[in-house]
Amino acid sequence: ASSSTLVKNSTNHNAIHQPVTQRSILLSSTNNYLSNPLVTRLCRATSTHSIWNETALPDKIKTLDEYKAIYALSIKDPNRFWKMAAECLDWYQFPTKIKNTEFDYRTSRGVDIKWYEDGIINVCYNCLDRHIHHDHSIAQQVALIFEPDTPTESRHHITYAELLRDVKKFANVLKKHGVKKGDRVTLYMPMVIEACVAMLACARIGAVHSVIFGGFSPNNIAERISGCDSTVIITTDFGVRGGKSSPLKTKIDQALALKQCSNVKTVLVFERNHGMTELKDDCSHLRKTLEWTDGRDFWVHKEMETVNDKCEPERMNAEDPLFILYTSGSTGTPKGIVHTTGGYLTYTSLTFKYSFDYNPGDVYMCTADIGWITGHSYVVYGPLANRATTVIFEGIPTYPDVSRYWNIIDKHEVNIFYTAPTAIRSLMQHDDAYVTKTNRQSLRILGSVGEPINPEAWKWYHSVVGDNRCPIIDTWWQTETGGIMISPIPNAWELEPGSATFPFFGIQTQLFDQTTKKPLKPPNHGELCIADSWPGQARSLYRNHERFVDVYFKTYPGYYFTGDGCEIKPNGYHWITGRVDDVLVISGHNIGTAEVEAALEEHTSVTEAAVVGYPDPKKNQGMYCFVTLKGNVKPSEELRKELIRSVRDSIGAHVYPDVIHFTSNLPKTRSGKIMRRILRKIVEPDTSNLGDTSTLNDPTIVEELIKNSPRTK
Ligand code: ATP
Ligand code: MG
């Protein structure tokens, strides 16, 4: 094939497939390459006949044996496995080099991660054009379903052809404003179709997007704009969430007035839902109040009229950066994570396909905001690369009432639904009738991500939302990992409430002892590391490779350190026990705070709990529990005693909550995670320096907690 035509790779490169033998790839005793006992156990033969033809990855993983067989290959021969995975994408030039990675900072090469390094590919092409090229009827398939904040506003569907047209036009607008391959572009957008258009347009021309969550304040925005040297900003005039409009463009104006943003030359402003004339809240009354800087600010809908809809995708090297994304800031100053092109798309595409068992025609919905990694990998790139139909939801789960998610599921007949434990916990405190009055028969799979899901929430999600019919796919991963790392595959094996079960293909988990820094053999509990590279992992921190190496590769030389604790049970199931900083050592016992929180949350009166330690001269640490109660429950001494008792009953007599602090709310990141590092400071108490609080959703709660804490009184 000539280099100018894009064809499915398997026909345009010299296939180096292994001969098609039907031999079993299950391990024999001569395979001694697996020193990791967990891997050995996962790979242990359970049948002697071949259960998988090794030449191409199957469409579905149906059984544990099939998973084990493929997992074994992915560990034994990552080059072969990840080559097959890359064949799911279309490349201008299929890579001849698959894996080239070094995790050990002590080597002369140092930490250096490259996948598919001589491959040439375009992410946008793979998410849009190729589906239509392969099958013209896909042009008419709905790519995105827009569900606006107010449910009575009209719905808006956009097909693959329409999305492609808009992306090409907007890519031309970017080009017109001088954006070139490699330039960084900052996006500050609500959950609207235009946000996907902007991301894909950047990917199409090889610009590196940096999406900032739409809730951030001008200071946070300015930091992130200057942090990646963007000169072009994309935003909308307004965002609407929970019935309230937020002036995004005005916040950009305020950020740009700060000195560090003096390099910004262009602000491209989408009208919220331009052309959707049926929208009740079209913000037109507010639009009049916008300030405008001529020569810098441009309306996108007007710019779109000045360009055509022809735009060839840029040929990108697999290791060219695709985007920069700042982490949530749960544990410290947010880090500007850099993801690259070929490996990232291969990984998000394959994990989406297997972890959500996506079937053509399924309607998929992920509630994550595009400002977070879940929004990148599992609202935009993973689903579109798999030609999925995705619901983009602008609003919040509690508006106009707490049935909102379930109503949306019915309205669009959603089959696969992916949300976060924080949303589940906030919805389950209300009457089940808000759920049960809806139909939800379309649902097939329910996903969870973001924090450990406590068994109580898991069971409610499973029984009340999923009518005991849908598997709960608890997916553990991080901004840094690019995609899902540990998760069940639907219906391939039994689930246990609260366990993310097994690692994805190619992911070798390894536990370490926090004190001795020695590897631990499962079953055990320790700090979770990953023994070898996978294509979706972050390559660096933007212009700060040193911090990248320090944070992830210095604690356990030769391993990627996740910062999370994990227990691997005798059956190989993985249980994430929270951040390693969240493990308490009390009178010689290691106690995972997630476990105590889960015990507290089992109580019918409790909505949410956050447990942290404080210094105690006798026991080393004392246990401090922040607890929020269901709407109608009043705090009382009796309830306090009951909670202490239930923790001891459920975990053991050695676990004694010293303080139960009832509060109306907890400090959370804007992505909805409890910020335990702030709680630790409060109870220490060391409130003079709370660290980076810029990513807090509601800073006033911190004052309230300090005021009411017996440790600061
Ligand atoms: P920062 O790195 O800035 O502190 P963050 O870690 O909260 O922020 P993310 O990358 O969005 O930012 O979150 C990844 C973390 O979320 C994981 O390290 C883990 O602690 C937690 N997490 C995500 N999914 C799960 C899950 N299914 N089970 C348990 N924990 C999870
Ligand atoms: Mg993190």
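## Strand β25 and its partners

In this predicted model, T509 has I530 of β25 as its bridge partner. The pairing to which this contact belongs joins strand β23 (residues 509-512) and β25 in the antiparallel sense, over four bridges. Strand β25 is also joined to strand β27 (residues 560-568), again antiparallel, by six bridges; here H525 stands opposite E567 in β27.

Strand β25 itself spans residues 524-530, and five of its seven residues are buried, so the strand is largely enclosed by the rest of the structure.

## The eight-stranded sheet

An open sheet of eight strands, with mixed pairing, follows the order β14-β13-β10-β8-β9-β16-β17-β26. Its edges are β14 (297-299) and β26 (540-541); each has a single partner strand, so one side of each is left without a neighbour in the sheet. At the β26 edge, strand β17 (residues 336-340) pairs with β26 in the antiparallel sense over two bridges, and the bridge partner of I337 in β26 is L541.

Helix α8 (residues 218-227) lies across four strands: β8 (184-189), β9 (208-213), β10 (232-236) and β16 (321-326). Relative to β9, helix α8 runs at about 170 degrees.

## The β29-β30 hairpin and helix α19

Strands β29 (residues 583-586) and β30 (residues 589-592) run antiparallel and are joined by four bridges, with V583 having G592 of β30 as its bridge partner. The two strands form a hairpin with two residues between them, and S587 in the turn has a positive phi of about 45 degrees.

Helix α19 comprises residues 593-601, and eight of its nine residues are buried, so the helix is largely enclosed by the rest of the structure. The buried residues of α19 are T593, A594, V596, E597, A598, A599, L600 and E601.

## Aromatic pairs and charges over rings

Across the whole structure, a search finds 50 aromatic pairs. One of them is formed by Y405 and F417, whose ring centres are 5.3 Å apart and whose planes stand at 65 degrees, so the pair is edge-to-face. Because Y405 lies in helix α14 (residues 404-412) and F417 in strand β20 (residues 416-419), the pair ties together parts that are twelve residues apart in sequence. Y405 counts as buried at 4% relative accessibility, and F417 is buried with a relative accessible area of 0%.

Charged side chains also lie over aromatic faces. R224 is placed over the face of F216, at 4.3 Å from the ring centre, while K554 lies over the face of Y105, at 5.1 Å from the ring centre.

Technical notes. Residues numbered from 1 in each chain as written. Chains lettered and ligands numbered in written order. Predicted model: local features only at pLDDT ≥ 70, side-chain atom pairs only at ≥ 80, totals over all residues. Heavy atoms only, no water. Pairing = 2+ DSSP bridges. Contact = heavy atoms within 4.5 Å. Axes fitted to C-alpha atoms, helices over the stretch in contact; angles between N-to-C directions. Buried < 20%, exposed > 50% of the residue type's maximum accessible area, 1.4 Å probe, protein only. Phe/Tyr/Trp six-rings, centres within 6.5 Å; stacked < 30°, edge-to-face > 60°. Lys NZ or Arg CZ within 6 Å of the ring centre and 35° of its normal.
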